[in-house]
Structures are given as C-alpha cells and as structure tokens.
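Let's take a friendly walk through a protein model. Have the sequence and the 3D view ready, and follow along one stop at a time.

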Amino acid sequence: MSSNTSPLPATTESPWVRRLLIGVALVFLGLFLVVPLVLVFVKAFEEGTAAYWAAVREAEALSAVRLTLSAAAVAVPVNLLFGLAAAWAIAKFRFSGKNLLITMIDVPFSVSPVIAGMMFVLLFGLHGWLGPWLAEHDWKVIFALPGIVLATIFVTSPMIARELLPLLQSQGSAEEEAALTLGASGWQTFTRISLPKIRWGLLYGVILCNARAMGEFGAVSVVSGHIRGLTNTLPLHVEILYNEYAFSAAFAVASLLTLLALVTLAVKSLIEWRAGLRAARR
Amino acid sequence: MGFTLLYLSLIVLIPLSAVFLKASTLTWDAFWKIISDPRTLAAYRLSLVASLVAASVNVVFGVLVAWVLDRYDFPGRRLVDAMVDLPFALPTAVAGIALASIYSGNGWLGQYLEPLGIKVAYTPVGIMVALTFIGLPFVVRTVQPVLAGLDPEIEEAAVSLGATRGQLFRRVLLPELAPAAATGFVLAFARALGEYGSVIFIAGNLPMRSEITPLLIMIKLEQYDYAGATAIASVFLLVSFALLLTINFLTLRYNRMAPAEPAG
C-alpha cells in the first residue's frame with residue numbers, strides 16, 4: 001500500500017472534486033458493506049440479549065457449530081497440503097502444460113457452488129456411480145459429514161495455492177540451492193529456508209480458506225440434506241431459521257459467522273501490515 | 001507434482017466429468033428439450049443479464065474506490081481498505097438474509113424506496129444488488145496495485161505538457177487501468193453467474209421472473225431430476241470455462257505487457 005504523501009499540486013484534483021469522489025466512494029461502500037454489517041447485529045439483539053443467547057446456545061445451533069468446525073478442520077489442512085504441493089511444483093519445476101495446470105487449479109472458483117455439490121451427488125448419491133457400492137458397505141457420503149467435507153474441499157481448494165504461487169514464483173530458488181550445496185537436507189531446506197519466507201502468505205491463505213470453508217453455503221446445501229442437528233452447518237442453520245420466520249434467531253446465529261468474517265479481515269490486515277513493515281525494513 | 005495431479009484429478013476432474021458423462025446419457029432431443037425449455041431460457045437470461053449489470057456497476061465503482069483509496073488520504077482510510085474484502089469473508093447466506101431484510105418493504109432502505117415505486121427485494125433488481133455485493137472486491141483489488149505501481153512521472157510529464165485533468169485520465173490513466181479493470185470485470189462476472197447463497201433470499205425465486213440458473217439446478221436436484229439438472233448445468237459449466245480461459249488470457253497478456261518491476 002503506497003500512498004502518495006504530497007503529490008504535485010498540478011497532478012491532483014481540486015479539493016472539491018476530491019471530496020466529492022471520496023464522498024461517492026464512501027456512500028457506495030457504506031450502502032453495500034456497512035449497512036448489512038450493522039443490520040446483522042441490530043437484528044440479532046432485537047429481542048434482547050436473553051433471546052440472543054438462547055438462539056446461540058440452542059442444541060441445534062451448537063451441533064451446527066460443531067459440524068462447521070469439523071468440516072473446516074479437515075478441509076483447511078488438506079488444502080494446505082495441496083496448496084503447498086501445487087504452488088511448489090509450479091514455481092520450482094519446469095514442465096510443459098504449466099499454464100493448463102494453473103487453469104485447472106482455478107476451475108473450482110468458476111464453477112457454481114450448486115454445480116460443485118451436484119457433482120458429488122452424481123458420484124456418491126444413492127443413484128450415483130458409487131452409490132450402490134457405498135450403500136452395500138454402509139458408508140454414507142451424501143447427506144453426511146464426508147459429503148460436506150468433500151464439497152468444502154472442492155470449493156476452497158484454489159485458495160491457498162493461489163496465495164502461495166506468486167510468492168514462490170517471485171522468490172526463485174537461489175537460496176534453496178545454496179542451502180542444498182552447503183549440505184542441508186531437503187527437509188531442513190524446506191523448514192529453515194523456504195517456510196520462513198512464505199509464512200505470511202501461508203497464514204493469509206489459511207485464514208481466507210478457513211473463512212470460505214466455514215461460510216460455504218451453496219455446495220454444502222446440495223450435499224447436506226438439511227437434517228437438523230445432524231448435517232446442518234451454521235450457514236444452513238441460518239437459512240432454516242430465516243425461512244421459518246425466526247428472524248432474530250437467524251440473525252443471532254448469523255452474527256457468529258459475521259464475527260468470524262470480521263476476525264478474518266482483522267487478521268488479514270494485520271498480516272498485510274506486518275508484511276509491509278518487513279518489506280519496508282529491508 | 002504427482003500429488004498435485006492426483007489431487008486435482010480426484011477433487012476436480014473426476015467429479016466434473018461426472019456431470020458431462022451424466023448429461024451425455026441423454027439423447028440429443030431430450031437434452032435440447034431441457035435446455036430450450038422457456039423456464040430454463042428465462043433462468044439463463046436472468047443469470048447473464050443480472051451478472052452483467054452487477055459486474056458493470058462494480059467496474060465503475062471499483063475503479064472509483066481503488067482511486068480514492070490509493071490517491072487520497074482521509075480519516076479511516078485503512079479501515080475502509082480492510083472493509084472492501086468483507087464480501088470475500090462474509091458467508092453468502094449471511095449477506096443474503098441481511099440484504100433481503102434491508103430492501104424488503106419494511107426494511108431499513110426498502111421502506112423509503114418502495115413509496116417511490118422502486119421495489120428491490122424479491123425482484124430482479126434485488127438479484128443485481130446481491131451480485132454487486134459479492135463481486136465488489138474484485139475490481140478494486142485488481143485495479144489498486146496497478147494504480148499504486150504507476151510512475152508519478154508519467155502523470156507529471158502529461159500535466160507539464162499541458163494536459164488537463166480530464167485528458168490525463170482519458171489518455172494516460174485509463175489505458176493503464178483498462179486491462180486490470182477488465183480482469184476484475186470478468187472475475188466479478190464469473191463469480192456472479194454461479195452465486196447462489198446471497199441471491200436466493202432476496203430474489204423471490206419466481207419461475208420465469210426471478211429464478212437464477214443455480215436455483216433452477218437446485219430445484220431439479222431436489223425433485224431428483226438429475227438428468228435435467230446436469231443438462232442445465234453442463235451448458236452453464238461451458239460458459240464458466242470460457243470465462244475462466246478469458247481471465248487467464250487477460251492476466252497472461254497483462255503480465256506480458258507490464259514492465260518488469262524494479263527490485264527493492
């Protein structure tokens with residue numbers, strides 16, 4: 001983030017134009033970002049703090065929290081491994097079809113979440129390809145935790161790879177080569193040289209991936225089956241409450257997810273700030 | 001390397017091919033009948049138009065916001081800068097219920113808009129509002145680094161050669177920003193096309209009128225009409241892939257044009 005401290009008078013607008021532009025931008029952002037954010041919390045506490053706590057502590061809400069946490073607890077580490085491997089392979093090795101591979105990593109971003117969920121229903125659903133075989137072995141994937149985890153993994157799979165790729169590409173491999181010629185093992189090189197260089201980017205990718213994993217709605221909605229207390233994640237629980245006109249309960253549960261989003265943004269800004277400081281110090 | 005390919009095959013390629021294989025079990029006539037059904041066509045049209053409108057709004061305001069954040073200093077600038085990413089971090093269902101209740105007839109904004117004859121919630125306009133929300137960060141975040149990386153000397157040269165502020169913007173800044181803005185537009189458009197969570201609460205979901213394509217796919221799935229869902233989805237997927245290739249083409253071209261950044 002570089003801000004021009006004192007641009008030449010001739011290359012900036014008159015104060016009035018400046019104020020007008022800032023004003024329009026802030027009104028737009030206020031309408032689209034601040035108003036929804038404030039509304040969530042106002043509506044959540046509309047019926048008082050007691051009602052808020054009751055909605056948040058209700059058994060179905062708690063089981064939704066547990067399910068959301070467990071899905072993210074599997075999806076994020078799996079995608080962390082994939083992100084590292086994919087970004088590493090693309091940045092450090094030469095091979096043909098590299099651009100194709102990068103495009104393939106991006107595919108989940110451009111596939112509608114509903115279609116993402118549908119793919120897994122086609123594969124693992126009762127009438128899907130593997131459905132009969134799974135039923136024989138009494139394994140439930142669709143309308144159960146594995147399906148939710150799979151859908152979440154698919155939707156969030158590009159996030160960490162995408163953060164790491166430019167970082168690794170810009171660094172080259174000179175320092176790693178130096179470490180290797182000095183006798184470091186591959187693992188030592190990775191943990192002592194490569195990892196410290198990418199740790200902020202890695203953390204950045206992980207928190208964004210986590211936010212998306214916990215908030216995913218469309219894909220999870222297709223594979224979950226909406227079984228209350230069993231396969232309802234937090235976003236799905238919000239939907240059910242809202243559709244039952246339990247508005248303040250819906251917003252109370254939504255406020256938990258909103259807090260998660262705010263924490264994510266705060267950590268993200270902190271990382272950017274730290275990374276900026278480090279870059280400035282060099 | 002091998003792990004990357006294996007993972008991509010398991011998580012991305014095989015599931016995706018399941019969609020096309022399932023669609024290919026339909027005869028051509030049956031396939032055509034599903035995708036040329038008036039309800040399907042209406043959903044396709046609505047998805048395309050609403051996403052185009054939302055992405056266009058985002059280009060205009062995205063460039064403006066990026067400009068304001070990069071060039072001007074005002075109290076709370078860093079907070080505003082951090083807030084821009086809210087649509088990435090906020091779960092779409094939360095955004096959906098918040099927007100729906102803001103713009104409904106007795107909502108915070110809806111109560112003032114409705115007497116003016118502007119109905120937002122439960123109409124296509126509401127869909128555009130939701131899609132604008134979720135696409136908001138894309139243009140800002142693609143344009144911002146380009147603005148920050150521009151050499152101030154170019155602008156100073158233009159001004160010293162007698163260019164007015166308007167000429168400077170049109171002739172000097174716009175050509176520099178256009179590729180980034182275009183990338184942001186396509187990213188926002190692609191995201192908007194597939195969006196489901198934030199839209200369904202505010203859309204009203206009337207067939208032929210306010211039913212987006214992902215919702216129609218969802219409805220078919222809930223009726224166990226897998227063939228119908230896959231037929232609609234496969235056309236939609238092809239559009240998404242075309243967009244993805246456009247994005248990568250734009251980024252590639254843009255990276256090639258951009259001068260190498262000086263180190264340090």
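## Two helices side by side in chain A

We begin with a pair of helices in chain A: α3 (residues 59-92) and α7 (residues 145-171) pack with their axes 6 Å apart, at an angle of about 35°. Their crossing is right-handed. What kinds of residues make up this contact? There are 22 nonpolar residues, seven polar ones and one charged residue where α3(A) meets α7(A). Keep in mind as you look around that this is a predicted model.

## Chain A as a whole

Now zoom out to the whole chain. Chain A has 12 helices and zero strands, so if you read its elements from the N terminus on, you meet α-α-α-α-α-α-α-α-α-α-α-α. Along its principal axes, the C-alpha trace of chain A spans about 60 × 55 × 30 Å.

Of the 282 residues in chain A, 41% are buried. Contacts in chain A also link distant parts of the sequence: among those between residues at least 6 apart, 75% join residues at least 24 apart.

## Two domains in chain A

The domain assignment of chain A gives domain 1 (11-44) and domain 2 (47-281). Taken over C-alpha atoms, the centres of these two domains of chain A are separated by 30 Å.

How many residues of domain 1 of chain A are in contact with domain 2 of chain A? Five residues of domain 1 are in contact with eight residues of domain 2. On the domain 1 side, the residues that touch domain 2 of chain A divide into four nonpolar, no polar and one charged.

## Where the chains meet

Next, look at the place where chain A touches chain B. Each chain brings residues to this contact: 69 from chain A and 69 from chain B. Which helix gives the most to the chain A side? Helix α1 (residues 15-44) of chain A does, with 15 residues. On that side of chain A, the residues that touch chain B divide into 49 nonpolar, 14 polar and six charged.

## The largest nonpolar core

The largest nonpolar core holds 165 residues, and the members that touch the most others are Ile115(A), Met118(A), Val253(A) and Ile202(B). This core draws at least three residues from each of domain 1 (11-44) and domain 2 (47-281) of chain A.

Let's pause at Val253(A). Leaving aside its neighbours within four places in sequence, Val253(A) is in contact with Ala55(A), Val56(A), Ala61(A), Leu234(A), His237(A), Val238(A) and Leu241(A).

## A helix pair in chain B

Our last stop is chain B, where α3(B) and helix α10 (residues 165-194) pack at an angle of about 145°, with their axes 8 Å apart. The crossing of α3(B) with α10(B) is right-handed. Residues of α3(B) in this contact include Ser47(B), Leu52(B), Ala55(B) and Val59(B), while those of α10(B) include Leu177(B), Phe185(B) and Phe189(B). The residues of this contact divide into 12 nonpolar, five polar and no charged.

Tyr44(B) also lies in helix α3 (residues 38-71) of chain B. Is Tyr44(B) buried or partly exposed? Tyr44(B) has 19 other C-beta atoms within 10 Å, and because a buried residue needs 20 or more, Tyr44(B) counts as partly exposed. The C-alpha atoms of Tyr44(B) and Leu216(B) are separated by 9.6 Å, although these residues are 172 residues apart along the chain.

Methods. Residues numbered from 1 in each chain as written. Chains lettered and ligands numbered in written order. Predicted model: local features only at pLDDT ≥ 70, side-chain atom pairs only at ≥ 80, totals over all residues. Helix = DSSP H or I, 4+ residues; strand = E, 2+ residues; numbered from the N terminus. Buried ≥ 20, exposed ≤ 12 C-beta atoms within 10 Å, placed from the backbone. Axes fitted to C-alpha atoms, helices over the stretch in contact; angles between N-to-C directions. Left-handed = near helix turned anticlockwise from the far one by under 90°. Contact = placed C-beta atoms within 7 Å. Nonpolar A, V, L, I, M, F, W, Y, C, P; charged D, E, K, R; others polar. Core = buried A, V, L, I, M, F, W, Y, C linked by C-beta atoms within 7 Å. Domains from an automatic or database assignment.
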